[in-house]
Structures are given as structure tokens and as C-alpha cells.
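Here are some short exercises to work through with the structure open beside you. Try each task before you read its solution.

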Amino acid sequence: MAVREILILPDPLLRKVAEPVEAFDEDLQKTVDDMFETMYDAPGIGLAGPQIGYMKRVVVIDLADEENPDSGKIAMVNPEIVGLSEETAVSEEGCLSIPELYYEVERPAEVTVKYFTPEGNEVTRHATGRLAVCMQHEIDHLDGVLYIDYLSRLKRDRVNKKFQKKARLAS
């Protein structure tokens with residue numbers, strides 16, 4: 001297992017749509033293992049393939065969530081949201097690709113996701129609370145969507161400018 005570099009805004013790969021996984025093989029399992037190790041090292045509770053430059057539809061999540069007692073280590077391959085509640089909830093979100101910034105985001109309070117395990121088994125899972133938020137946040141990454149896209153234009157522009165300036169100063 002290896003810790004991979006996490007891409008930081010404004011890296012253009014963060015805005016690209018990830019491709020579906022077609023081969024459920026050793027390479028996929030190694031990437032999933034690396035993603036967990038990278039997420040724990042960061043530390044974070046979720047990580048999507050594009051955040052490490054792996055442009056496949058893979059997400060890893062590990063969080064302790066009282067509403068979802070079985071919400072430990074989850075690897076989702078080719079996840080697809082198949083149901084969203086009309087009820088919404090507001091919670092504070094952050095992102096390993098947008099470090100040290102946290103904002104309130106409104107999302108559906110419940111979500112049902114269909115996905116495959118790295119071994120190729122199909123799973124349909126309903127989630128509420130932090131797990132529902134995390135699943136939506138990470139699946140958004142697979143579609144090139146960042147949580148700041150849910151903010152007001154003013155806040156989003158401020159975040160983008162801050163990270164563009166950081167990137168210029170670093171190069």
C-alpha cells in the first residue's frame with residue numbers, strides 16, 4: 001500500500017468526469033487499498049479516485065456515524081445515486097482537495113446508492129446523517145463537482161481565487 005498525492009484545487013482533474021471501472025482485478029484492489037491509506041494519512045473520512053488523479057469511478061469512506069452503525073470502511077465502485085429524499089439537511093463540509101476550509105452545505109437528508117464492491121458484488125445501500133452527506137460529496141467528485149459548487153457565487157469565487165493564488169505562488 002502507498003500514500004498517494006491528493007490533488008488540490010485548482011487542479012483541472014478535479015473538474016473532470018471519471019470513467020466507469022470495467023475490470024475488478026488486483027489493480028483495482030491495490031488502488032482501493034492505496035486510497036484508504038491516503039485518506040487515513042490525510043486524515044479524512046472520504047476520498048474519490050479523481051482526488052488522487054485516478055480517473056475511475058471509485059470512492060472510499062470510513063466514518064463513525066451513530067445514525068449508521070455499520071458505516072465503517074466502505075469501498076464503492078461505479079456508485080450511482082438511485083434515490084434522494086425530498087427532505088434536506090444542512091451540515092458543515094470540508095474537502096481534502098480544498099484543505100482547511102469548511103462551509104455549510106444543504107443536501108438531501110437521505111440517499112440510496114447502488115454500487116459494486118471491489119470484488120464485483122452489487123450492493124444497494126440506504127444512508128442518513130453524515131454517511132448520506134459523505135456519499136453524496138464523494139460521488140459528486142466522480143462527476144467533477146466540488147462541494148463549493150453548492151455555495152453562493154461570491155463564496156465560491158473567493159475560494160477559487162484563494163487557491164489559484166496559492167498555486168501561482170507555489171510554482
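Buried means under 20% relative accessible area, exposed means over 50%, and partly exposed is the range in between. Keep in mind that this is a predicted model.

**Exercise 1. Place a lysine**

Find K56 and decide whether K56 counts as buried, partly exposed or exposed.

Solution. Start with the location: K56 sits in the loop that links β1 (46-48) to β2 (58-61). Next, take its relative accessibility, which is 31%, so K56 counts as partly exposed. Finally, try a distance from this residue: K56 and Y103 are 47 residues apart in sequence, and their C-alpha atoms are 27 Å apart in space.

**Exercise 2. Classify a ring pair**

Work out which kind of aromatic pair F36 and Y40 form.

Solution. The structure has two aromatic pairs. In the pair of F36 with Y40, the ring centres are 6.0 Å apart and the planes meet at 25°. Planes under 30 degrees apart count as stacked, and that is the class of this pair. Now look at the backbone: the two residues are four apart in helix α1 (residues 26-41), so about one helical turn separates F36 from Y40. Then compare their surroundings. F36 has 6% relative accessibility and counts as buried, whereas Y40, at 38%, is partly exposed. One further neighbour completes the picture: K73 lies over the face of F36, 4.6 Å from the ring centre.

**Exercise 3. Describe the largest pocket**

Find out which elements and residues line the largest pocket.

Solution. Begin with the volume of the largest pocket, about 500 Å³. Its lining has 23 residues, and those closest to the centre are I45, E93, G94, C95 and Y102. Sort the lining by class and you get 11 nonpolar, seven polar and five charged residues. By element, β4 (88-95), β5 (98-108) and α2 (129-142) each supply at least two lining residues. The largest share, six residues, is from α2.

**Exercise 4. Check a helix**

Compare the expected span of α2 with the distance between its end C-alpha atoms.

Solution. The expected span is 1.5 Å times one less than the number of residues. For the 14 residues of α2 this gives 20 Å, and the end C-alpha atoms are 21 Å apart, so the two values agree. As for its setting, 13 of the 14 residues are buried, which means that α2 is largely enclosed by the rest of the structure. Just after the helix, G144 has a positive phi of about 75°.

**Exercise 5. Look for unusual backbone angles**

Locate the cis peptide bond between L9 and P10, the one between A42 and P43, and the positive phi values of N78 and E100.

Solution. First, recall the background: most residues other than glycine have a negative phi, and most peptide bonds are trans. The bond between L9 and P10 is cis, with omega about 10°, and P10 belongs to the segment before α1. The bond between A42 and P43 is also cis, with omega about -10°; P43 is in the loop between α1 and β1.

Turn next to phi. N78 has a positive value near 50° and lies in strand β3 (residues 74-84). E100, with phi near 70°, is part of strand β5. To finish, ask how accessible each one is: N78 is buried at 18%, whereas E100 is exposed at 69%.

Methods:
Residues numbered from 1 in each chain as written. Predicted model: local features only at pLDDT ≥ 70, side-chain atom pairs only at ≥ 80, totals over all residues. Heavy atoms only, no water. Phe/Tyr/Trp six-rings, centres within 6.5 Å; stacked < 30°, edge-to-face > 60°. Buried < 20%, exposed > 50% of the residue type's maximum accessible area, 1.4 Å probe, protein only. Lys NZ or Arg CZ within 6 Å of the ring centre and 35° of its normal. 1 Å grid on protein atoms, 1.4 Å probe; cavity = no way out; pocket = protein on both sides within 12 Å on 5 of 7 lines; lining within 4 Å. Points joined across faces, edges and corners; volume = space filled by probe spheres on them. Nonpolar A, V, L, I, M, F, W, Y, C, P; charged D, E, K, R; others polar.
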